[in-house]
Amino acid sequence: MASAAPFAKMNGLGNDIVVADMRGRSDRVSPAAAVALNADAATKFDQIMAIHDPRTPGTANYIQIINSDGTYAQACGNGMRCVVQALAAETGIKLFTFETVAGILNAEEHDDGLISVDMGVPRFGWQDIPLAEEFRDTRMIELQIGPIDAPVLHSPSVVSMGNPHAIFWVDRDVWSYELDRFGPMLENHPIFPERANISIAQVTASDAVTIRTWERGAGLTRACGSAACAVAVSAARTKRTERAVTVTVPGGSLRIEWRADDHVIMTGPAEWEFSGTFDPETGAWAREAQGAA
């Protein structure tokens, strides 16, 4: 493949990630290539994190994020940790400043291998999330699934972490809800003009929340970093928890801190699986026998 680009198959707490090295190239990963890679069991992913040359002075790289259905995403916290681990292994650098569609993002690999990503400042205004109609208080909006007099899910908190999120608070185990059935309907509900990530969240302590997420453009995922941040912020905003919490997702746990300066810091692991090369236009790929990201 003359036009092949290197990639690493990685994961962040089971959130399947393809880190594509597009540095020094003028092309982009096409939607068709994303769909083709996702159709292969070996490279099936939730997001592609495409590393491009920097566009803005003072940043290390521009990161484009592509969902498994070929659409684009503004944020992916678990994917950013994978990018940091890949670049840190290559360069020895531990501190990074990236540019994404959602803005400038700082990240750091710690000595213990965990990676912290500054996910930025949450936005609560209905137009910023965005919603299709005005809600003055986005800590709870009028939206429900099920009968009017006995809804299964209702009154979510909504917030933007660079991408739109809706969090439904539940008292029972998050696995007792059919998120695979409700997720597609809620993701595409008319109240969300740009669609939304849908999470079910159960507060288990003043510093602990358990969640499951239907991710916009990807479906059910084992982890969604931006959703963990959205849940943590919304839990603190609604007085359910403190501002520093452990968010447990199906793939493991993330530590989320909503700092006094309003920035949300996500800390967790990343894992390399294998590397290879692929055609950014078609998605045709080949595995490398050895090597690290």
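A residue counts as buried when its relative accessible area is under 20%. With that cut-off in hand, let's walk through this predicted model, starting with helix H4. Residues 225-237 make up H4, and 12 of its 13 residues are buried, so the helix is mostly covered. The buried set runs through Gly 225, Ser 226, Ala 227, Ala 228, Cys 229, Ala 230, Val 231, Ala 232, Val 233, Ser 234, Ala 235 and Ala 236. The geometry looks just as you'd hope: 13 residues at 1.5 Å each should span 18 Å, and the end C-alpha atoms are indeed 18 Å apart. After H4 comes Lys 239, which has a positive phi near 65°.

Let's zoom in on one residue of this helix, Ser 234. Is Ser 234 buried or exposed? Its relative accessibility is 3%, which is why Ser 234 counts as buried. So what does its side chain reach? The answer is the backbone oxygen of Ala 230, at 2.9 Å. Setting aside residues up to four places away in sequence, Ser 234 also touches Ser 157, Val 159, Ile 167 and Trp 169.

Now for the nonpolar interior. The largest nonpolar core has 51 residues, and the members that touch the most others are Phe 98 and Ile 256. H4 turns up again here, giving the most to this core with 8 residues. There's also a second, separate core of 22 residues, with Ile 129, Phe 182, Leu 186 and Trp 214 among its members.

Phe 98 deserves a closer look. Beyond its neighbours within four places in sequence, Phe 98 is in contact with a long list of residues, including Thr 59, Ile 63, Gly 103, Ile 104 and Leu 105. Also on that list are Met 80, Val 83, Val 84 and Leu 87, and those four are among the buried residues of helix H2. H2 covers residues 77-91 and reaches 21 Å from its first C-alpha to its last, close to the 21 Å expected at 1.5 Å a residue. Like H4, which is mostly covered, H2 is mostly covered too, with 12 of its 15 residues buried. Just after H2, Gly 92 takes a positive phi of about 85°.

On to the aromatic rings. The count of aromatic pairs comes to 6. In one of them, Phe 96 and Phe 98 have ring centres 5.5 Å apart and planes at 5°, so this pair is stacked. Both Phe 96 and Phe 98 are buried. Elsewhere, Phe 7, Phe 274, Phe 278 and Trp 285 form one aromatic cluster. Phe 274 has a charged partner as well: the charged end of Arg 287 sits over its ring, 3.9 Å from the centre. Arg 55 does something similar with Tyr 62, its charged end sitting over that ring at 3.8 Å from the centre.

Last stop: the loop between helix H3 (179-187) and strand S13 (197-205), where you'll find Glu 194. With a relative accessibility of 39%, Glu 194 counts as partly exposed. The C-alpha atoms of Glu 194 and Ile 129 are separated by 8.9 Å, though the two lie 65 residues apart along the chain. Ile 129, remember, is one of the residues in the second core. Leaving aside neighbours within four places in sequence, Glu 194 is in contact with Gln 74, Pro 130, Pro 164 and Arg 216.

Terms used
Residues numbered from 1 in each chain as written. Predicted model: local features only at pLDDT ≥ 70, side-chain atom pairs only at ≥ 80, totals over all residues. Heavy atoms only, no water. Helix = DSSP H or I, 4+ residues; strand = E, 2+ residues; numbered from the N terminus. Expected span 1.5 Å × (residues − 1). Buried < 20%, exposed > 50% of the residue type's maximum accessible area, 1.4 Å probe, protein only. Core = buried A, V, L, I, M, F, W, Y, C linked by side-chain atoms within 4.5 Å. Contact = heavy atoms within 4.5 Å. Polar contact = N/O pair within 3.5 Å; in protein donor to acceptor, adjacent residues only side chain to side chain. Phe/Tyr/Trp six-rings, centres within 6.5 Å; stacked < 30°, edge-to-face > 60°. Lys NZ or Arg CZ within 6 Å of the ring centre and 35° of its normal.
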